[in-house]
Amino acid sequence: MEPEIPKVTIVPEVPAVAVEEVFTEPVVEPEAVTSPASRLSPKMKHAIASIGAIALALAVMTSFVYREDPTGSSIRKIVGVIPYPIAVVGSHVITFEDYLAERDALSKYFASTAAQSGTEMPDEETIGKNILDTMAHKLVVAEIASEAGIALDDAKVEEFYATSLGGADPAAFETQLQTMFGWTPEQFKDRVVKPVVLATQVGEAVAKDEARQAEVKQKAQAVYDRVASGEDFAAIATETSADPSASVGGDIGPVRLSDIPEDFKAPILALKPGEYSAVVEGAGYFMIFKAAERTGKDAEESVKLSLISFPKKTLEDIITEYLASHRNWRAIGNT
């Protein structure tokens, strides 16, 4: 047997590559990465720099405004251009400029009356608190009026202004306003008369608002139920009445019938000695009356009365609740 001849695989020869050829191949460099800023035009770069400078200046200015005395001349110049807030009440803003207008009027008043009254001007903190309290109250009253659809009664404004004159000559009164506050009659109306008249209108509406007075009325009714069940009237009056007579069991002594307010006259006249009334609603109170003997005749007739009194919720109560439940920030006068 002939020996087997092994198979041989022939590998084709790979031409050698010179080392220098490998290292001399052209290298493709990646494109240079540029920042957004490097692509901005000189004009755009200048604009951005200007905005940054303005923002910095505003930050410094804001810090200055809230750090320094608000009555200073530098502050006045700044807030005369930029409406910086000195207080925020709910969604309403009180600006430094508006505050300073009120502050200046008050300063002028103290300066003009100091010689006569001998009183010194309060410190800035007290003045700030009082002014901002007043301005906040005006804003809240205006908002309540708006929500209730109450429009300012112009006839009452003129009536109140006429009362303010006190019989004085209008020209003399105008001079007095200018001397004491630096106001014209129209400014006096805007800052004093109109807010007072509107507050009076809103206060009257609050007193008649069944929804707002429901809680007080329910409290009065609960006390009446105790009286009706046989509990001692004087003891309950001492416990629950808001009238000063509570300390003596509600006894207010003899009252002439002609002096009894119309709100309460009919229910009181209907009482016999020893009887008590149901809950009676008046302009500012819910009342329960108890009558004793009557004396005198005609215009001098009087009745000895005891009462339990429940004051209605007032406009001031509503304002206090509003300020407690809404944002109420101030830069000054927080004490």
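The chain folds into 12 helices and 7 strands, where helices (H or I, at least four residues) and strands (E, at least two) are DSSP runs numbered from the N terminus. The model is a predicted one, in which local features need pLDDT of at least 70 and side-chain atom pairs count only at pLDDT 80 or more, while totals for chains, interfaces and linings use all residues. Residues are numbered from 1 along each chain as its sequence is written, and side-chain values use heavy atoms, with hydrogens and water left out.

Of the 335 residues of the chain, 30% count as buried; buried stands for under 20% relative accessible area, exposed for over 50%, and partly exposed for what lies in between (1.4 Å probe, protein chains only). The chain exposes about 21300 Å², of which carbon and sulfur atoms supply 59%, the areas coming from the Shrake-Rupley method with a 1.4 Å probe. Among contacts (heavy atoms within 4.5 Å) between residues at least 6 apart in sequence, 61% join residues at least 24 apart.

**Helix α9 and its surroundings**

Helix α9 covers residues 210–228 and has a kink of about 35° centred on Val216, the bend at a residue being the angle between axes fitted to the seven residues ending there and the seven starting there. At the N-terminal end of α9, Asp209 acts as a cap, with a side-chain oxygen 3.0 Å from the backbone nitrogen of Ala211. Just after the helix, Gly230 takes a positive phi of about 110°. Gln213, Val216, Ala220, Val223 and Val227 are buried in α9. An α-helix has 3.6 residues a turn, so residues three or four places apart point the same way. The buried residues of α9 pack against α8 (185–208), α10 (233–240), β5 (285–295) and β6 (302–311).

Two of these α9 residues, Gln213 and Val216, are among the contacts of Lys312 beyond its neighbours within four places in sequence, as are Glu281, Phe286 and Asp317. Lys312 lies in the loop between β6 and α12 (315–325) and is buried, with a relative accessible area of 5%. The side chain of Lys312 makes a polar contact with the side chain of Glu281 at 2.6 Å; such a contact is a pair of N or O atoms within 3.5 Å, and within protein one must be able to donate a hydrogen and the other to accept it, while residues adjacent in sequence count only if both atoms are side-chain atoms.

Lys312 also lies over the face of Phe286, and a second lysine, Lys189, has its charged end over the ring of Tyr161. A charge sits over a ring if NZ of Lys or CZ of Arg is within 6 Å of the ring centre and within 35 degrees of the ring normal.

| Lysine | Ring | Distance to ring centre |
|---|---|---|
| Lys189 | Tyr161 | 4.7 Å |
| Lys312 | Phe286 | 5.2 Å |

**Aromatic pairs**

The structure holds 12 aromatic pairs, counted when rings of Phe, Tyr and Trp (its six-membered ring) have centres within 6.5 Å, with planes under 30 degrees apart taken as stacked, over 60 as edge-to-face and the rest as tilted. The rings of Tyr66 and Tyr84 have centres 5.9 Å apart and planes at 90°, so this pair is edge-to-face. Tyr66 lies in helix α2 (residues 42–67) and Tyr84 in the loop between α3 (73–79) and β1 (85–89), so the pair ties together parts that are 18 residues apart in sequence. Tyr66 is partly exposed at 32% relative accessible area, whereas Tyr84, at 8%, counts as buried.

Tyr66 also forms an edge-to-face pair with Trp329, at 6.2 Å centre to centre and 65° between the planes. This pair links distant parts of the chain, since Trp329 is in strand β7 (residues 328–330), 263 residues from Tyr66.
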